[in-house]
Amino acid sequence: MADRSPSQALSPGLTLDSIPPYAILEPIMSHTTLQKKKLVARISRLKGQMEAVERALEAERPCGEILQLLASVRGALTGLTGEVLDDHLREHVLNAADDAARAEAVEEISEVLRTYMR
């Protein structure tokens with residue numbers, strides 16, 4: 001929601017009483033923006049883990065060692081996915097502005113889960 005200065009007029013026929021309270025109180029930053037520093041740090045660690053896999057392959061390390069590194073990458077990615085999913089559920093389902101927004105958020109999660117399960 002864009003910030004409005006007191007001097008800006010509302011659209012014709014629109015009054016503060018006609019604006020739903022959730023629209024006025026809507027956070028300026030999304031939940032991913034608020035968590036950005038933490039999420040980016042996790043991605044940096046994932047990059048480091050992938051680089052370790054690359055180094056192990058280049059060094060012709062045993063496949064068991066490479067598989068262990070790959071399992072670590074998968075675990076880290078699953079953890080990151082779970083964190084973003086949890087935030088999404090809390091922000092867009094639990095705190096949805098209305099039933100339509102909640103249904104849309106559930107559909108988004110459903111699509112992601114179908115892709116994730118393939």
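Which helices each supply at least two residues of the lining of the second largest pocket? The tour comes to that pocket at its fourth stop; the answer is α4 and α5, the latter spanning residues 99-117. What is on screen is a predicted model.

**Whole chain**

Start with the protein chain in cartoon view. The secondary structure comes to five helices and zero strands, so there is no strand to look for, and the order from the N terminus is α-α-α-α-α. Now switch to a surface. The accessible surface of the chain is about 9200 Å², and carbon and sulfur atoms hold 60% of that area. Of the 118 residues, 15% are buried. For a contact map, take the contacts with a separation of 6 or more: residues 24 or more positions apart account for 48% of them.

**First stop: Glu83 and its two partners**

Select Lys38, Arg42 and Glu83 and show their side chains. These residues are linked in a network of salt bridges. Begin with Lys38 and Glu83, where the closest N and O atoms of the salt bridge are 2.9 Å apart. Lys38 lies in helix α3 (residues 36-58) and Glu83 in helix α4 (residues 63-94), so this pair ties together parts that are 45 residues apart in sequence.

Next, move to Arg42 and draw the N to O distance to Glu83; this salt bridge comes to 2.2 Å. Again the link runs between helix α4, which holds Glu83, and helix α3, which holds Arg42, with the two positions 41 residues apart in sequence.

Colour the three residues by accessibility. Glu83 is buried, with a relative accessible area of 15%. Lys38 is partly exposed at 43%, and Arg42 is partly exposed at 22%.

**Second stop: Leu80**

Stay in helix α4 and select Leu80. Is this side chain's residue buried or exposed? Leu80 counts as buried, at 10% relative accessibility. Show its surroundings, leaving aside the neighbours within four places in sequence: Leu80 is in contact with Leu39, Arg42, Ile43 and Leu46. Arg42 is thus a contact of Leu80 as well as a salt-bridge partner of Glu83. To put a distance on the view, pick the C-alpha atoms of Leu80 and Ile43; they are separated by 8.1 Å, for residues 37 apart along the chain.

**Third stop: the loop between α3 and α4**

Select Glu60, which lies in the loop between α3 and α4. Check its backbone torsions. Most residues other than glycine have a negative phi. Glu60 has a positive phi of about 55° although it is not a glycine. Glu60 counts as exposed, at 71% relative accessibility.

Then add Arg61 and Glu65. Their side chains form a salt bridge, with the closest N and O atoms 2.9 Å apart. Both ends are partly exposed: Arg61 at 42% relative accessibility and Glu65 with a relative accessible area of 32%. In the whole model the count comes to six salt bridges.

**Fourth stop: the second largest pocket**

Select Thr78, Thr81, Gly82, Val84, Leu85, His88, Glu108, Ile109, Val112, Leu113 and Tyr116, which line the second largest pocket. About 200 Å³ of space lies in this pocket. Colour the lining by helix: α4 gives the largest share, six residues, while α4 and α5 each supply at least two.

Recolour the lining by residue class. How many of its residues are nonpolar, polar and charged? The division is six nonpolar, four polar and one charged. Glu108 is among the lining residues to label, as are His88 and Tyr116.

**Before closing the session**

Put helix α4 back on screen for a last view. Leu80 is in this helix, as is Glu83, which faces Lys38 of helix α3 in a salt bridge. Helix α4 also provides six residues of the lining of the second largest pocket.

Conventions
Residues numbered from 1 in each chain as written. Predicted model: local features only at pLDDT ≥ 70, side-chain atom pairs only at ≥ 80, totals over all residues. Heavy atoms only, no water. Salt bridge = Lys/Arg side-chain N within 4 Å of Asp/Glu carboxyl O. Helix = DSSP H or I, 4+ residues; strand = E, 2+ residues; numbered from the N terminus. Buried < 20%, exposed > 50% of the residue type's maximum accessible area, 1.4 Å probe, protein only. Contact = heavy atoms within 4.5 Å. Areas by Shrake-Rupley, 256 points an atom, 1.4 Å probe, with all protein chains shown as cover. 1 Å grid on protein atoms, 1.4 Å probe; cavity = no way out; pocket = protein on both sides within 12 Å on 5 of 7 lines; lining within 4 Å. Points joined across faces, edges and corners; volume = space filled by probe spheres on them. Nonpolar A, V, L, I, M, F, W, Y, C, P; charged D, E, K, R; others polar.
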